[in-house]
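Dear colleague,

Here is the structure, handed over with its sequence. My notes on what was found follow below.

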Amino acid sequence: MANPFRHSNLCSSNAPSFPVSNIKRTLDAMSWVKINHFHWHVVDSQSFALVIPGFEELAQEGAYSAEQVYTPMDVEDIVSYAASVCLSSTFPSNLSLILSQRGIDVMVEIDTPGHSSAIFRSHPEHIACPEATPWAQFAGGTFQSSKRMSLVLLHTPPNIEPPAGQLRLASSSTTNFTANMIQAVSSMFPSKLFNTGGDEININCYVEDKSTQEDLGESCLV
Amino acid sequence: MKFSLLHVAFYLPAALAIWPRPRNLTTGDTPIRLASDFSIKFSHIPKIPQDLSDAVSRTMKFLTTDQLQILLPDRGASLSNIIRSARTLPSLTISLSNPSSQLKSISEDAVAGLGVTDESYTLLVPNTGGAILNAKTALGLLRGLATFEQLWFYLDRMIYTLQAPIQIEDSPVYVN
């Protein structure tokens with residue numbers, strides 16, 4: 001559509017919580033230029049803004065404030081705006097009826113195992129090196145993604161951001177928790193697509209995390 | 001009249017504002033404007049999805065409220081007579097390439113998965129007679145409506161283009 005990409009995608013990293021009306025305005029502009037996917041990076045290290053049925057404590061403790069969250073009703077509103085037909089009020093049943101009126105598929109991202117520090121607020125047991133300092137040694141970023149990259153980045157500031165904190169990827173309790181949480185989120189969205197992140201891990205965070213090292217030792221990975 | 005046509009031709013380079021540019025686009029140099037009772041109609045679509053008729057309502061609203069003026073220093077004021085005396089477009093007729101098939105809603109199309117739904121459409125805005133939008137899916141029709149909305153400029157309560165006939169064939173350029 002002249003839209004050069006069949007999968008043309010606008011990625012919004014808005015864990016800081018843009019108002020729903022701003023997101024809708026953006027969806028309008030997207031439909032005018034025939035962009036057909038909205039990649040919604042709805043949670044991040046700094047704030048866990050998504051209220052997930054069954055996991056409400058994540059946003060309760062992890063969002064910037066009680067107001068700066070997206071409730072299931074907000075999600076329903078945004079998806080159906082990108083979308084349309086009114087849903088029954090009995091969320092989350094009948095989600096297959098959510099219709100994307102503006103021709104935009106909303107793909108949600110729950111970033112794992114990095115960019116997850118805000119989970120520490122409600123579930124300290126699942127997060128390695130939460131808010132550890134000095135953060136430049138523990139927080140995630142692209143500074144250590146490869147040797148070649150490191151050489152390049154010797155001359156440029158590393159692209160890392162506080163706060164530190166990553167899901168304990170070697171803990172079976174954490175992986176179960178994460179899988180269940182992701183399942184709960186996926187049932188909030190009608191899209192066939194889901195993004196689990198996967199970038200910008202700080203290795204040192206796991207090296208220094210006693211619990212992770214014990215779990216890795218038990219599984220004979222170290 | 002000769003002067004008028006030359007006058008119009010002079011302004012042509014500024015006259016189209018379709019983003020992104022359709023894959024195939026041919027234009028003429030005849031001014032036309034929307035009739036005051038311009039309407040959008042469905043042709044042989046037995047069951048029209050609610051979100052498609054909502055999209056048509058949005059397009060009608062956009063056409064009358066956008067009021068984008070042509071990007072010229074006088075915003076087209078000197079073309080007023082030409083536009084006023086131009087032929088009018090009575091309607092846009094929406095049709096399906098395969099009218100017998102059950103038309104899915106835009107929403108179902110949108111969440112069907114990567115590359116599943118055909119978003120292509122064709123759009124014809126002739127010098128005389130009505131315009132025609134054709135697609136295989138409701139999502140294709142939505143894309144065509146988005147393009148149709150962008151063909152027009154506004155001046156003194158007239159909604160016009162200087163470039164009829166307009167013929168467009170469009171689809172995403174890259175496939176997943």
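Strands 3 and 4 of chain B form a hairpin with five residues between them, and B:Gly129 in the turn has a positive phi of about 85°. The model is predicted: local features need pLDDT of at least 70, side-chain atom pairs count only at pLDDT 80 or more, and totals for chains, interfaces and linings use all residues. Residues are numbered from 1 along each chain as its sequence is written, while chains are lettered from A and ligands numbered from 1 in the order in which they are written.

Helices (H or I, at least four residues) and strands (E, at least two) are DSSP runs, numbered from the N terminus; two strands pair if DSSP finds at least two bridges between them.

Strand 3 (residues 121-125) is joined antiparallel to strand 4 (residues 131-135) by four bridges, with B:Ala135 as the bridge partner of B:Tyr121. Five bridges, also antiparallel, join strand 3 of chain B to strand 6 (residues 158-170) of chain B, where B:Gln167 stands opposite B:Leu124.

In chain A, helix 1 (residues 20-32) has A:Ile23, A:Leu27, A:Met30 and A:Ser31 buried (20 or more other C-beta atoms within 10 Å of the residue's own, against 12 or fewer for exposed and partly exposed in between, with C-beta atoms placed from the backbone). Seen down the axis of helix 1 of chain A, these buried residues fall within an arc of 95° (taken from the directions from the helix axis to the C-beta atoms), so they line one face of the helix. The face turned away from that buried side carries the exposed A:Ser21, A:Asn22, A:Arg25 and A:Ala29. After helix 1 of chain A comes A:Lys34, with a positive phi near 65°.

Regards
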